[in-house]
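Thanks for coming. I have one structure to go through today, and I will keep it short.

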Amino acid sequence: MRPILYRKLGRFDLWVLNDGDFWLDGGSMFGIVPRVLWAKLAPPDEQNRIRLGLNPLLVRIGERYILIETGLDRKGDERFRKIYGLSETSPVLGQLALLGLGPEDISLVIHTHLHFDHAGLNTRWVEGRLRPTFPQARHLVQKQELEDALHPHERSRASYRAENVEPLWETGRFEPVEGEAEVLPGVRLVPAPGHTLGMQVVELESEGERLAYTGDLVALMAQVPPLYIPAFDLYPMTTLETRKRLYARWLEEGYLLCFTHEPGHPLGRLVRSEKGYAVEEA
Ligand SMILES: [Zn+2]
C-alpha cells in the first residue's frame with residue numbers, strides 16, 4: 001500500500017492519505033472509450049473491475065487541520081464490501097494517529113461530493129450508535145450536492161448512503177456553500193458540475209504555489225483526456241465543459257493536481273497532448 005505522501009505547498013503542509021483500494025467496473029469508469037484502449041491504462045481483473053484508490057488530503061494551515069474527503073464507506077454488509085473489494089476497516093484514523101492526530105483535531109472537512117466512496121468516514125459505529133467521526137468539524141459541501149444526497153434521484157440512489165449524510169444533517173454539522181467560495185485564505189471551493197450537479201473541486205494556494213484536488217471531475221490520471229468521461233457521470237457533456245474550462249486554467253497557472261482515486265502516485269501536472277491534455281507525475 002502506498003505510504004502517506006507529504007508535500008509542502010508554500011506555507012501549507014499536505015499529507016495525501018491512503019484509504020486503501022476498491023474495485024469498480026472498468027467500462028463504467030471510461031464511458032465511451034473502447035475497452036482495448038482503457039484496458040492498457042487500467043488492467044481489469046476477471047470481473048472486469050479496475051483497481052482504484054481513495055486519497056483523502058490532510059492540510060495543515062497554521063494550527064488548523066483540514067480534511068478534504070473522508071474516504072470509503074466500510075459500514076455496509078459483507079456483500080457490499082465484496083462487490084467493491086473493500087477491506088473491513090478504514091486505515092484513515094490510523095494514519096491520522098501516526099501523525100499524532102485524533103479525529104477531534106480536524107476542524108474542517110471539505111467534501112467534493114457525498115458519494116459513499118468519498119464521504120464514508122463521516123460517521124462510524126460507536127457502542128451500537130452511528131456517530132459523526134469528526135466531532136469538532138464543520139462539513140463544507142455545495143448546497144445542491146447536499147440536497148441531492150438527502151433526496152437522491154433513482155439514477156444515483158446507489159451512490160449515496162443515508163448513513164453518511166443524515167447523522168450530520170440532523171446534528172447541524174453541514175455548512176452548505178453556494179457557488180465559488182474562499183473559505184479560508186488560500187482555500188477555494190470551485191463548482192465543477194458533471195459527475196454530479198453539485199460537485200466541487202478544492203483549490204489551494206500559498207506563496208504562489210497551487211494545488212487542485214480533483215474529486216471525480218477527473219479521478220484518475222488515465223482519465224485526463226477530456227473525452228475519457230465515466231459512464232457514472234450524470235451530465236457527461238457538462239463534465240466535458242467543466243474539464244476544458246478548469247484544465248485551461250490549471251495548465252496556465254501551473255497547478256499541481258491531486259487525483260482522488262489514483263491507486264498509485266496521486267500527484268501530477270497537466271501538459272498539452274494530441275488528445276488535448278495528458279498528465280505527468282509530479
Ligand atoms: Zn468516486
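**The zinc site and one strand**

I will start with His261, which is buried, its relative accessible area being 2%. Bear in mind that this is a predicted model.

What coordinates the zinc ion? His261 does so through NE2, and the other donors are Asp117 (OD), His118 (NE2) and Asp216 (OD), at 2.0 to 2.4 Å. Along the chain, the donors are spaced as D-H-x97-D-x44-H. Two of them deserve a closer look. Asp216 sits in the loop between strand S15 (209–213) and helix H7 (236–252), while His261 sits in the loop between strand S16 (256–258) and S17, so this pair ties together parts that are 45 residues apart in sequence. Asp216 is also buried, at 7% relative accessibility.

Now the geometry. The angles among the four donor atoms run from 85 to 155°, and the site is irregular. A tetrahedral call would need all angles between 85 and 135 degrees, so the upper end of that range, 155°, rules it out.

Next, strand S17, which covers residues 267–273 and contains Leu270. Is Leu270 buried or exposed? Leu270 is buried, with 6% relative accessible area. Which residues does Leu270 touch, leaving aside those up to four places away in sequence? The contacts are Val224, Tyr247, Trp250, Leu251, Leu257, Tyr277, Ala278 and Val279.

One last distance. Leu270 and Gly120 are 150 residues apart along the chain, and their C-alpha atoms are separated by 29 Å.

To recap, the zinc ion has four donor atoms in an irregular site, and Leu270 in strand S17 is buried.

How values were computed:
Residues numbered from 1 in each chain as written. Predicted model: local features only at pLDDT ≥ 70, side-chain atom pairs only at ≥ 80, totals over all residues. Heavy atoms only, no water. Helix = DSSP H or I, 4+ residues; strand = E, 2+ residues; numbered from the N terminus. Buried < 20%, exposed > 50% of the residue type's maximum accessible area, 1.4 Å probe, protein only. Contact = heavy atoms within 4.5 Å. Donors = N, O, S within 2.8 Å, 3.2 Å for Na, K, Ca; no water. Tetrahedral: all angles 85-135°; square planar, octahedral: opposite > 155°, others 65-115°.
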